[in-house]
Amino acid sequence: FVPEGDGTTRLELECDVTIHAEKIPGIPNALAKKVVPAVEKIIQKMLTPNLSGLGKALNAYIENEKIH
């Protein structure tokens, strides 16, 4: 949460995905280490819209609570 100075607060969300290749059963470490960076980027791209949606939903909830 970041105070904006005008009585509002900005919510900042960050996402960092780390896959531990050595813990993936049945995949050789050499292969996993080559594939993991690409998979991590794909997962981050998939999560980003969901995290943005979380912020929007939270804002809508807070605005709705002000009315009640």
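Colleague: What makes the contact between Glu12 and Arg10 a salt bridge?

Modeller: The term asks for a side-chain nitrogen of Lys or Arg within 4 Å of a carboxyl oxygen of Asp or Glu. In this predicted model, the closest N and O atoms of Glu12 and Arg10 are 2.7 Å apart, so the pair fits the definition. Side chains of opposite charge can pair when their charged atoms come close.

Colleague: Which residues are linked with Arg10 in a network of salt bridges?

Modeller: Glu4 and Glu12 are linked with Arg10. The side chains of Glu4 and Arg10 meet at 2.6 Å, N to O. The structure holds 2 salt bridges.

Colleague: Why is Glu12 called partly exposed?

Modeller: Buried means under 20% relative accessible area and exposed means over 50%, with partly exposed in between (1.4 Å probe, protein chains only). Glu12 has 45%, so Glu12 is partly exposed. Glu4, at 38%, counts as partly exposed too, and Arg10 has 36% and is partly exposed.

Colleague: How much of the protein is buried?

Modeller: Buried residues make up 7% of the 68 residues. The protein exposes about 5800 Å² (Shrake-Rupley method, 1.4 Å probe; for residues, only the protein chains shown count as cover). Carbon and sulfur atoms supply 60% of that area.

Colleague: What makes Leu58 fit into a nonpolar patch?

Modeller: Patch residues need over 30% relative accessible area and no salt bridge; nonpolar side chains (Val, Leu, Ile, Met, Phe, Trp, Tyr) are joined within 5 Å, like charges within 9 Å. Leu58 has 33%, so its area passes that cut-off. The patch also includes Phe1, Leu11, Leu13, Leu54, Tyr61 and Ile62, with about 690 Å² of accessible area together.

Colleague: Where in the chain is Leu58 found?

Modeller: Leu58 is found in helix 1, residues 29-67. Helices (H or I, at least four residues) and strands (E, at least two) are DSSP runs, numbered from the N terminus. The protein has 1 helix and 2 strands, in the order β-β-α from the N terminus.

Colleague: How do you know that the protein differs from a compact globule?

Modeller: The radius of gyration is taken over C-alpha atoms, and the globule rule is 2.2 Å times the number of residues to the power 0.38. For 68 residues that gives a value near 11 Å, but the protein has 19 Å. Its C-alpha atoms fill a box of roughly 55 × 25 × 15 Å along the principal axes.

Colleague: What should I keep in mind when reading these values?

Modeller: Residues are numbered from 1 along each chain as its sequence is written, and side-chain values use heavy atoms, leaving out hydrogens and water. Because the model is predicted, local features need pLDDT of at least 70 and side-chain atom pairs count only at pLDDT 80 or more, while totals for chains, interfaces and linings use all residues.
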